[in-house]
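Trainee: I should like to understand how the descriptive terms used for a protein model are justified. May we go through some examples together?

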Amino acid sequence: MGLKCNTSSNASAFPGSQLSLVPPIDYKTIKFQKSIKKFEGYTSFSGPWGISFGSKGNLHIADTDAQKILIYDEEDTFVRSVIFQQQTDKPYPRGLAVNPNGDIYIAVSNYGEIQVFSSQGIPTRKYGTKGTGVSQFLLPRSVTLGPNMEVIVADTENHRIQILTDGDAPRVFGRRGKENGEFIYPICVACFVHPQAGTVLAVTDCDNHRIQMFNLQGEHIRTFGTLGSGPGQLNTPIGIGFDSRGNMIVADSRNNRIQIFDFNGKYIHHFGQKGQTETDFDDPKCLAVDKNGRIAVADFRNKRVQIYS
């Protein structure tokens, strides 16, 4: 399957240079596997929001209300937590991404920053400050990584996407609006390297109730989704991730379900409904997909992470 473009939040993302070698996933047979909610003696999370798989399959969870990143091993056993250096206000971590070395990139929304920690939880650097200028952010909700370790930020309340690379000027696209290439609160962004289309970004355009796709230069490719509760319709989409074949998995938050679309935006399947049983969701936020097609969903109001495969 080749090297990953990134493992993110909000979205895991994969290259598709050998799509024909990747076995298809039959999403109509997908089943609930387990709930994760225990850590450090607690019996449930406070408010799980961001989520990402590392390169070894270990799970990273941003518990926004607990102000922590929680790290689990490949067997989903709790390993450690990452504690933030508090400023005047408590930090509110949202979406996160993990690079191949295990470094953790986290959107600390209320600080207007992307903070980076080593795999051992040591702070190493920051991107951005709060504001409306280039390389500034207003309540960013998520971050993902491009194929060359570009830092791609959903700059949510500036209604735009910013792409940061070391040594180059940031690429910025989007503004508030309803036309193609415009956003009303972009929340999560996922990345996929397609053999024909190249590197593609998919963005949950939350209050426009749709998904928009772009190339890495910010040029619009396609838009799909309309407001509603029918198959393929969306109501406040939050999380998004690509599987290894370029299908998109979307957390359709106010419909309390997960929907799957192919690379062209065609509806494939959905699962879940509002509730508290093991197959239910209540306000799902970010999600992540690993290289084997396992889906992890931050089931926010049920204070747990749900694993499906």
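Trainee: How do you know whether the sulfur of Cys 188 is bonded to the closest cysteine sulfur or too far for a bond?

Mentor: Please keep in mind that this is a predicted model. The closest cysteine sulfur to that of Cys 188 belongs to Cys 286, at 3.4 Å. A disulfide requires two cysteine sulfur atoms within 2.5 Å. The value of 3.4 Å does not meet this limit, so the pair is too far apart for a bond.

Trainee: What does the calculation give when one starts from Cys 286?

Mentor: The closest cysteine sulfur to that of Cys 286 is in Cys 188, again 3.4 Å away, and the conclusion is likewise that this is too far for a bond. A search of the whole structure finds 0 disulfides.

Trainee: Why is Cys 188 called buried or exposed, and what about Cys 286?

Mentor: Buried means under 20% relative accessible area. Cys 188 has 0% relative accessibility, so it counts as buried. Cys 286 also has 0%, and therefore counts as buried.

Trainee: Is Leu 227 buried or exposed, and what makes it so?

Mentor: The term exposed applies over 50%. Leu 227 has 52% relative accessibility and therefore counts as exposed. Leu 227 is placed in the loop between strand S21 (220-224) and strand S22 (237-242).

Trainee: Which residues does Leu 227 touch, leaving aside those up to four places away in sequence?

Mentor: Leu 227 touches His 209, Gln 233, Leu 234 and Asn 235. His 209 is 18 residues from Leu 227 in sequence, yet their C-alpha atoms are 5.4 Å apart in space.

Trainee: Why is Arg 304 called buried or exposed?

Mentor: Its relative accessible area is 7%, which is under 20%, so Arg 304 is buried. Arg 304 lies in strand S28.

Trainee: What makes the approach of Gln 276 to Arg 304 a polar contact?

Mentor: The backbone oxygen of Gln 276 lies 3.2 Å from a polar atom of the Arg 304 side chain. The limit for a polar contact is 3.5 Å, so the distance of 3.2 Å falls within it.

Trainee: Which strands form the open sheet that includes S28, and what makes S3 and S26 its edge strands?

Mentor: The sheet has 4 strands in the order S3-S28-S27-S26, with antiparallel pairing. Strand S3 (32-36) and strand S26 (284-289) are the edge strands, as each pairs on one side only.

Trainee: How many bridges join S3 and S28?

Mentor: S3 and strand S28 (residues 304-308) pair in the antiparallel sense over 4 bridges. The bridge partner of Ser 35 in S28 is Gln 306.

Terms used: Residues are numbered from 1 along each chain as its sequence is written. This is a predicted model: local features need pLDDT of at least 70, side-chain atom pairs count only at pLDDT 80 or more; totals for chains, interfaces and linings use all residues. Side-chain values use heavy atoms; hydrogens and water are left out. Two strands pair if DSSP finds at least two bridges between them. Helices (H or I, at least four residues) and strands (E, at least two) are DSSP runs, numbered from the N terminus. Buried means under 20% relative accessible area, exposed over 50%, partly exposed in between (1.4 Å probe, protein chains only). Contact means heavy atoms within 4.5 Å. A polar contact is a pair of N or O atoms within 3.5 Å; within protein, one must be able to donate a hydrogen and the other to accept it, and residues adjacent in sequence count only if both atoms are side-chain atoms.
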